[in-house]
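Trainee: I'm new to this one and don't want the whole tour at once. Could you pick a single part, take me through it closely, and then show me what surrounds it?

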Amino acid sequence: MGSCIKVILITCAITLVQMVAAPAYGYVTETDCDAHVSGGSADGSDEGALDNADACDRVDGVPVITALDTRALALGTHYFYYRAGEQGTGNPIFVPIIVVKGASEGPRLVLTAAVHGDELNGIGVIHQLIRSLETETILGTLIALPGINQTGMVASSRHFQMAAGGGAMVDLNRIMPGSRRHGSMAERYVWGLWHNILKDNADLAIDLHTQTRGTAYPLFVFADFRKPVVWQMAKDLMPDIIKRDKGQKGALETTFVKEGIPAVTFEVGAPKQFQERLIDRAVAGIRNVMVRHEMLVGTVTKPLLPPVIGSNYTNVTAQKGGVVSLHVRLLDPVKKGQHIATMADPFGRELQRYYAPHDGHVLAIATDPLREAGTMLVRILH
Ligand SMILES: [Zn+2]
């Protein structure tokens, strides 16, 4: 017993020595922030990161902020962690922000990704776009949030994860702009993002998504056709499909548009993967929007193929659970009555055939062949 305690004490002593000897890196407190003040931005400036006490906090050398004014930032690329709230353990939740401040004044374009935590192509789009930009050639400012829904991303889930009520899952893109004092953790989280980061730093916005798990979209834009600037943005993104859409209550796109900030929802393929071809095309589309708004020098590009445009879509849904085989692919034109899917039982015996309810184009498909009753098999735009 005595030797066992001795071993524990020695182990503790070694650990203590290691902790003391470790460099003050990873999380820097207010008291030593001066020594590390140049860690988070290309030019060493922290101006524009409001709340001085928090700007002195750092995680892995990156300044932690609670609000942002990009107008006050210096030229260059800046990285921040926005402190968006805390878990029930008290541990903070950080949302990464990249700001590319251009050589002169111009529009401020906000890009957001992973509002749904399993929709990841938008992260690839933001990373690739940022790598392709040279600060000196940008007019205006790009503000990118490659990972809004941090708890959903960790859980590989569309939904924001909360412990409340024995475990709650919230769709952040239905509760924008949230609630400050009387809301749930999720409502306060988005309230802070909207008021401290997004609303006052945006002249234009693109919210990057994908279809949900088990399904796929092509390159597809939801756009409020009643706003000419929004409609132009949708076309400049050069997607395969544009849906004329008045917006959904509680969606980030709708919240921007209501605020008078032109915005679209940009759907980039399928969840939980990086689809390189679609990411390349999405980056080209966003660069095209930046050219249109004179954030980049160049000529606005027209797509090789004009987008399919529609105002409505219909989901063909499974009437019984089973194993589905599809007979159409994304973007295929379909005719009313066309055989588009066949459902089989666990033994492979045919259960039911599904037919297109009207003419149109295939907007979304099930990629997971296991379908529950009531889930989408094929979505047809018309
Ligand atoms: Zn989404």
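**A close look at β12**

Mentor: Let's start with one pairing: Phe 220 has Glu 267 in β14 as its bridge partner. Keep in mind as you look that this is a predicted model. Phe 220 belongs to β12, the strand made of residues 219-223, and five of its five residues are buried. Now look at which way they point. Leu 219, Val 221 and Ala 223 go to one side of β12, while Phe 220 and Phe 222 go to the other, and all of them are buried. Why do we call a strand like that covered? Because a residue counts as buried when 20 or more other C-beta atoms lie within 10 Å of its own, and five of the five residues of β12 are buried.

Next, the neighbours. β12 and β14 are joined by four bridges and run antiparallel. β12 is also joined to β13, residues 241-244, again by four bridges, but here the strands run parallel. In that second pairing, Phe 222 sits opposite Lys 243 of β13. To get from β12 to β13, the chain goes through helix α6, residues 228-236, making a right-handed β-α-β crossover. As background, strands of a sheet pair through backbone hydrogen bonds, either parallel or antiparallel.

β12 also leads us into the protein's interior. Val 221 is among the residues with the most contacts inside the largest nonpolar core, a group of 99 residues; Ile 97, Leu 111, Ala 113, Val 125, Val 264 and Ala 282 are the others named for that. The element that gives the most to this core is α8, with seven residues. The core also draws at least three residues from each of two domains, domain 1 (102-308) and domain 2 (312-381). In soluble globular proteins, nonpolar side chains tend to be buried together. For one member's surroundings, try Val 125: leaving out its neighbours within four places in sequence, Val 125 is in contact with Ala 113, Leu 208, Val 268, Ile 279, Ala 282 and Val 283.

Now go back to β14, the antiparallel partner of β12, and follow the chain onward. Between β14 (263-268) and α8 (276-292) there's a loop, and Gln 273 is in it. Gln 273 is partly exposed because it has 14 other C-beta atoms within 10 Å. Its C-alpha atom is 9.3 Å from that of Gly 124, although the two residues are 149 places apart along the chain. Lys 272 is in the loop between β14 and α8 too, and its phi is near 55 degrees, a positive value in a residue that isn't glycine. That's worth a second look, since most residues other than glycine have a negative phi, and most peptide bonds are trans. Lys 272 is partly exposed, because 13 other C-beta atoms lie within 10 Å.

Past α8, in the loop between α8 and β15 (308-310), you come to Glu 294. Glu 294 also has a positive phi, about 60 degrees, without being a glycine. With 12 other C-beta atoms within 10 Å, Glu 294 counts as exposed.

For another covered element, try helix α5, residues 185-198. Its 14 residues reach 18 Å from the first C-alpha to the last, close to the expected 20 Å. Its buried residues include Tyr 189, Val 190, Leu 193 and Ile 197. Among the elements covering the buried residues of α5 are β4 (76-86), β5 (92-101) and β6 (104-113). In the loop between β9 and α5 you'll find Pro 177, and the peptide bond from Met 176 to Pro 177 is cis, with omega near 0 degrees.

Elsewhere there's an open sheet of four strands, in the order β20-β19-β17-β22, paired antiparallel. Its edge strands are β20 (350-355) and β22 (370-371), each pairing on one side only. Two bridges hold β17 (residues 322-326) to β22, and Gly 322 stands opposite Arg 371 in β22.

Finally, zoom out. The protein chain has eight helices and 23 strands, and 45% of its 382 residues count as buried. Among its contacts between residues at least 6 apart in sequence, 63% join residues at least 24 apart.

Conventions: Residues are numbered from 1 along each chain as its sequence is written. This is a predicted model: local features need pLDDT of at least 70, side-chain atom pairs count only at pLDDT 80 or more; totals for chains, interfaces and linings use all residues. Two residues are in contact if their C-beta atoms, placed from the backbone, lie within 7 Å. The expected span of a helix is 1.5 Å times one less than its number of residues. A nonpolar core is a set of buried Ala, Val, Leu, Ile, Met, Phe, Trp, Tyr and Cys residues joined through C-beta atoms within 7 Å. Domain bounds come from an automatic or database domain assignment. Two strands pair if DSSP finds at least two bridges between them. A crossover is right-handed if, with the strands pointing away from the viewer, the path from the first strand over the helix to the second runs clockwise.
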